[in-house]
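Me: I'd like to learn how to read a few features in a model like this one. Can you walk me through them?

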Amino acid sequence: MGLLSLLRKLKRTEGEARILVLGLDNAGKTTVLKKLSDDDISTITPTQGFNIKSLNHDGFKLNVWDIGGQKAIRPYWRNYFEQTDAMVYVIDSADRKRIEETGLELADLLEEDKLSGVPVIVLANKQDLVTALSPNEVADGLNLYSIRDRPWQIQACSAKTGEGLQDGMEWLVKQVRPSKK
Amino acid sequence: MFGLMRNLYQHFKKKGAPRSFTLVFLGLDKAGKTTCMAALKGEPTEDASQTWGFNSEKVELSNVSVEVYDLGGGSSIRRIWENYYAEVHGIIFVVDASDEARLSEAKTAFQEATSHAYARGKPLLVCANKQDLTNTMTANDLTDYLELDALKCNHLCVECSAKGKEGSTPSESFMEGVRWLVHTANVQYTSLEERIKTDVRIEKEKQEKKMAERRERVEKMKALRQE
Ligand SMILES: Nc1nc2c(ncn2[C@@H]2O[C@H](COP(=O)(O)OP(=O)(O)OP(=O)(O)O)[C@@H](O)[C@H]2O)c(=O)[nH]1
Ligand SMILES: Nc1nc2c(ncn2[C@@H]2O[C@H](COP(=O)(O)OP(=O)(O)OP(=O)(O)O)[C@@H](O)[C@H]2O)c(=O)[nH]1
Ligand SMILES: [Mg+2]
Ligand SMILES: [Mg+2]
């Protein structure tokens, strides 16, 4: 498990990729990143600014940016858009009340010039909870099928158990065009 | 077949404005849609990962620009399909011809798709895929099983392998099938375009209304939370 084994598998030997992780507060973004790095996930607090995880393998560098999602700091998201190769959009699948809200935030992101064409994976997180939405419901709640200008994928996952994270990241890293920079 | 394509090309040249086509891959999960798509793009793949969403590729087929959509086929993502029917000129339905156990599920999904108001009557290519495996269904069997002849649309069923025996090249029958589909869509282009324009406009209006309602609901909810 982990990002490093993923990088090994991809056999990329040059270039750099910048991955942006966004989503509402409490979605599980930081937990996802920590779990992928095999870090302890028991003491995570809301992110006030951002966390960055950098990985090197065989000359290929992967930078993952996890940005805080609280309402008051969402306006700062735009400071991180530059040069993004792929986006991870994390949702709390059990938070049915806010599915439309998170969908609108995503819709606004997809309109951003700097993110145009950037592939997006929606991590439908917290699937360990019984009330979690299914991919069909997530696609509808986020109105994903109105997207035509980039590939998108839903990955059901649980940052708590780690299930689905590896598959999701694998899809995402495959979308990054080699040595763009 | 090649004569046909030459005519098609000459027709475009005469007309000036190039026509463009949109096609969609449908079919159950693991049928081979993404593998077919990779073949179409000329980048055969060994290891397509499962699709839980949408991807599109632009390809040139005999000098014609074709945009192809690849969608996830698993039952928990299949509901997205109907959101793409309005804008396509033709449908490619892929069946794993070696998987007898899932034939009836494939038939149900097939009938649901082809009877949808936005999909009905559009040119249809059915691929009896994975012919490199043993005990596969023939194109004739599949034509009967899916009751293709009862459909009021131009259809063709081909036997193919998205992955060749060596794992690399797709069978020529698949490429022929797709060329047939584009040709058929071209013959009906004017009426298809008219229908697409209307259906897409209706869908767009529906979407805009839905989004406006959502924005309103969300704003209300946010206001409530702040109180
Ligand atoms: N049950 C369950 N809880 C999870 C899962 N992932 C995260 N959580 C919990 O959800 C809460 C929020 O997780 P964070 O990782 O801090 O969320 P975040 O998206 O980084 O939040 P902000 O930094 O405020 O934007 C924590 O209590 C996590 O333990 C999951 O897969 N299942
Ligand atoms: N033997 C054989 N295997 C094939 C053929 N076409 C596809 N496969 C394999 O079947 C599996 C599923 O193929 P995909 O292309 O991912 O199927 P899909 O229809 O895109 O599935 P979803 O994305 O889940 O909807 C993969 O392991 C492919 O390598 C074929 O013609 N012959
Ligand atoms: Mg956080
Ligand atoms: Mg697929």
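Reply: Sure, we'll go through helix packing, metal sites and burial in turn. Keep in mind that this is a predicted model.

Me: Let's start with helix packing. How are two packed helices described?

Reply: By two quantities: the angle between their axes and the distance between those axes. Here, take helix α3 of chain A (residues 99–111) and helix α6 of chain B (residues 189–226), whose axes lie 9 Å apart at an angle of about 120 degrees.

Me: What do we call the arrangement of α3(A) and α6(B)?

Reply: Oblique. The label applies because angles of 65 to 115 degrees count as roughly perpendicular and those over 145 as roughly antiparallel, and the angle for this pair is about 120 degrees. As for handedness, α3(A) and α6(B) make a left-handed crossing.

Me: Which residues of α3(A) and α6(B) meet?

Reply: On the α3(A) side you'll find Glu100(A), Glu101(A), Leu104(A), Ala107(A) and Asp108(A). Their partners in α6(B) are Met211(B), Arg214(B), Arg215(B), Arg217(B), Val218(B), Met221(B), Lys222(B) and Arg225(B). Sorted by class, this contact of α3(A) with α6(B) has eight charged residues, five nonpolar ones and no polar ones.

Me: Is there a general idea behind the spacing of residues along a helix?

Reply: An α-helix has 3.6 residues a turn, so residues three or four places apart point the same way. You can try that on a pair within one chain: helix α1 (residues 3–10) and helix α5 (residues 165–175) of chain A pack at about 40 degrees, with axes 10 Å apart. α1(A) and α5(A) are also oblique to each other, and their crossing is right-handed. α1(A) brings Leu3(A), Ser5(A), Leu6(A), Lys9(A) and Leu10(A) to the contact, while α5(A) brings Gln166(A), Met169(A), Glu170(A), Val173(A) and Lys174(A). Between α1(A) and α5(A), the contact residues comprise five nonpolar, two polar and three charged.

Me: On to the metals. Which protein donors does the magnesium ion (ligand 3) have?

Reply: Look for the donor atoms, then ask where they sit in the chain. For ligand 3 the donors are the OG1 atoms of Thr30(A) and Thr47(A), 2.0 Å from the ion. These two are 17 residues apart and link distant parts of the chain: Thr30(A) belongs to helix α2 (residues 29–36) of chain A, and Thr47(A) to the loop between α2 and β2 (50–57) of that chain. Both Thr30(A) and Thr47(A) are buried.

Me: And what coordinates the magnesium ion (ligand 4)?

Reply: Thr34(B) and Thr51(B), again through OG1, at 2.0 to 2.1 Å. Thr34(B) lies in helix α2 (residues 33–41) of chain B and Thr51(B) in the loop between α2 and β2 (53–61), 17 residues apart. Thr34(B) is partly exposed, at 24% relative accessible area, whereas Thr51(B) is buried at 14%.

Me: How many of the nine residues of α2(B) are buried?

Reply: Seven, which leaves the helix mostly covered. Among them are Lys33(B), Cys36(B) and Leu40(B). The buried residues of α2(B) pack against β1, β2, β3, β4 and α5 of chain B. Just past the end of α2(B), Gly42(B) has a positive phi of about 80 degrees.

Me: One last residue: is Asp199(B) buried or exposed?

Reply: Buried, with a relative accessible area of 10%. Asp199(B) sits in helix α6 of chain B. Setting aside neighbours within four places in sequence, Asp199(B) contacts Ala86(B) and Tyr118(B).

Conventions: Residues numbered from 1 in each chain as written. Chains lettered and ligands numbered in written order. Predicted model: local features only at pLDDT ≥ 70, side-chain atom pairs only at ≥ 80, totals over all residues. Heavy atoms only, no water. Axes fitted to C-alpha atoms, helices over the stretch in contact; angles between N-to-C directions. Helix = DSSP H or I, 4+ residues; strand = E, 2+ residues; numbered from the N terminus. Parallel < 35°, antiparallel > 145°, perpendicular 65-115°, else oblique. Left-handed = near helix turned anticlockwise from the far one by under 90°. Contact = heavy atoms within 4.5 Å. Nonpolar A, V, L, I, M, F, W, Y, C, P; charged D, E, K, R; others polar. Donors = N, O, S within 2.8 Å, 3.2 Å for Na, K, Ca; no water. Buried < 20%, exposed > 50% of the residue type's maximum accessible area, 1.4 Å probe, protein only.
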